[in-house]
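Please open the model in your viewer and keep the selection panel at hand. The tour below goes from one selection to the next and says what is found at each stop.

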2 protein chains.
Amino acid sequence: MSGAAYDLWYWPSIQGRGEFVRVFMEAAGLSYRDRAREGDAQALVEDMEARAESGDFAPYAPPYLVERKTDFAIAQVAHIVSWLTGHHDLGSGDAQTDLHLIQLQLTITDIVAEAHDTHHPVAGSLYYDDQKDAAARAAKAFREERIPKYFDHFEQALKVREGGPFVLGERWSHVDTSLFQLVEGLRYAFPERMKALEEDYPALVACRDAVAEIEGVAAYCDSDRRLAFNEDGIFRHYPELDAQ
Amino acid sequence: MSGAAYDLWYWPSIQGRGEFVRVFMEAAGLSYRDRAREGDAQALVEDMEARAESGDFAPYAPPYLVERKTDFAIAQVAHIVSWLTGHHDLGSGDAQTDLHLIQLQLTITDIVAEAHDTHHPVAGSLYYDDQKDAAARAAKAFREERIPKYFDHFEQALKVREGGPFVLGERWSHVDTSLFQLVEGLRYAFPERMKALEEDYPALVACRDAVAEIEGVAAYCDSDRRLAFNEDGIFRHYPELDAQ
């Protein structure tokens, strides 16, 4: 893949936030080198330090994407997939609709952060075992209040255009690939809760299923490049944090 | 102000996330009606419900800005100020630099969410008193680890262009107005910690001071339209959460 247009930098051993970028790029057929996975976390740390010391604007945290031709680096998931959408003419063709897609993507960013904070409500720098009591309470609120509130919003957005299965109707966008990854992550982390909830969100489940059938996404998910979810990532399955 | 181009909708009794939009618009001299403040929270709830039921894409949460001419509604602070920047030609004039500004704004969004979560680490729906122990631990990690990490990043961004005082040099942008509001909020919430830290971040403090002198910002901060910080907002002063 030396002819790849992009370098993706992220932590090598988890899906994490990087996976939202990957699923989008796989759906779009955009070629990229998954740089940190070629080496180890140290390669990522060194690239980030070099960019921070370059004197130019630098990412605060991974994931970030580098356009190899120009060495332009862009960070923040919602920002990366929105930029790629404009850069490769993958948007709706309507400026206000494209803005609404970005808005939805930013709302997905918010629920992803909340999903992470269910297992690390006190501090990302502390072990899960050192914040288990707070995590149990945070997860309960997330399961019972937050997931339904966000899902209501996404379900509604999926009904703006008639027919589905995507937010824009027949054409997928960066919002759909992120909703796919969100549902996958929540099914992994909260299987009991998702089993109880999903029947109330048929449009969201249909969107997830339709993204899974996009040729590039299906091939990617069948490959060994798709890491399994694990307990180092954003979405973690701790059975004690799940319930119907 | 019936000739105002925009309606801003937010909770009426706090600065909160809405204030990042306000400070930007005041700096830019953009006229807006502060709609929820003309009525009460119920007016906001009703407007949100009407938009959710309109069949069009709707905000998930306030703040959101409505362009009155078109009734186009846009939500998410970073998205609102980025859109206004493009719409009113307030950017850098360079596309990649404008993208880096948005990236910085999204990183400000992240620290603002973490600042909020220091007093509500378990759930936004629970009282502070019901999560005080977790809050004390979360605030300690935020003060000691997170503020310096973010401030290092912002300090570095403020040194990309020589001379300052703004990220772009002599010309302010939406990043500077948000850094101003961030520093103001953190000074309110964590005065002891900020007193100890600020001397390490001279560019950030200089940026804050320069934004305070922008004519529109100075006038706004002198007016009774600028609400005081309080213990219902994002930045709350609970002395037990502060320390050097």
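**Where the two chains meet**

Begin with chain B and chain A shown together, and search between them for salt bridges: in this predicted model the count between the two chains is zero. Polar contacts, by contrast, do turn up, with 20 residue pairs in polar contact between chain B and chain A, both partners at pLDDT 80 or more.

Next, select the side of chain B that touches chain A, and colour it by element. The elements that give two or more residues to this side are β4 (72-75), α4 (77-87), α5 (95-119) and α6 (132-157) of chain B. Coloured by class instead, the same side of chain B shows 25 nonpolar, 13 polar and ten charged residues.

Now widen the selection to both partners, where 48 residues of chain B are in contact with 48 residues of chain A. The area buried between the chains is about 4100 Å², and carbon and sulfur atoms give 60% of that area. Pick out F57(B), Y60(B) and Q103(B), which supply 22% of the area that chain B buries against chain A, more than any other three residues.

**The relation between the copies**

With both chains still in view, superpose chain B on chain A: a rotation of 180° with 0.0 Å of shift along its axis does this, at an RMSD of 0.0 Å. Such a relation is that of a two-fold axis. To find the axis from chain B, select P121(B), whose C-alpha lies 2.7 Å from it and which comes closest to it of the residues of chain B. Because 100% of the interface residues of chain B are also interface residues in chain A, the copies meet through the same surface.

**Inside chain B**

Turn now to helix α1 of chain B, residues 18-28, which is largely enclosed by the rest of the structure, because ten of its eleven residues are buried. Among the buried residues to highlight are F20(B), V21(B), V23(B), F24(B) and M25(B), and also E19(B), R22(B) and E26(B). Step past the end of this helix to G29(B), which follows α1(B) and has a positive phi, near 70°.

For the last stop, select Q105(B) in helix α5 of chain B. Is Q105(B) buried or exposed? At 1% relative accessibility, Q105(B) counts as buried, since the cut-off for that term is under 20%. Leaving aside residues up to four places away in sequence, display what Q105(B) touches, namely V77(B), A78(B), V81(B), H174(B), V175(B) and S178(B).

Terms used
Residues numbered from 1 in each chain as written. Chains lettered and ligands numbered in written order. Predicted model: local features only at pLDDT ≥ 70, side-chain atom pairs only at ≥ 80, totals over all residues. Heavy atoms only, no water. Contact = heavy atoms within 4.5 Å. Buried area = accessible area lost by both parts, 1.4 Å probe. Salt bridge = Lys/Arg side-chain N within 4 Å of Asp/Glu carboxyl O. Polar contact = N/O pair within 3.5 Å; in protein donor to acceptor, adjacent residues only side chain to side chain. Helix = DSSP H or I, 4+ residues; strand = E, 2+ residues; numbered from the N terminus. Nonpolar A, V, L, I, M, F, W, Y, C, P; charged D, E, K, R; others polar. Buried < 20%, exposed > 50% of the residue type's maximum accessible area, 1.4 Å probe, protein only. Least-squares fit on C-alpha atoms with pLDDT ≥ 70 in both.
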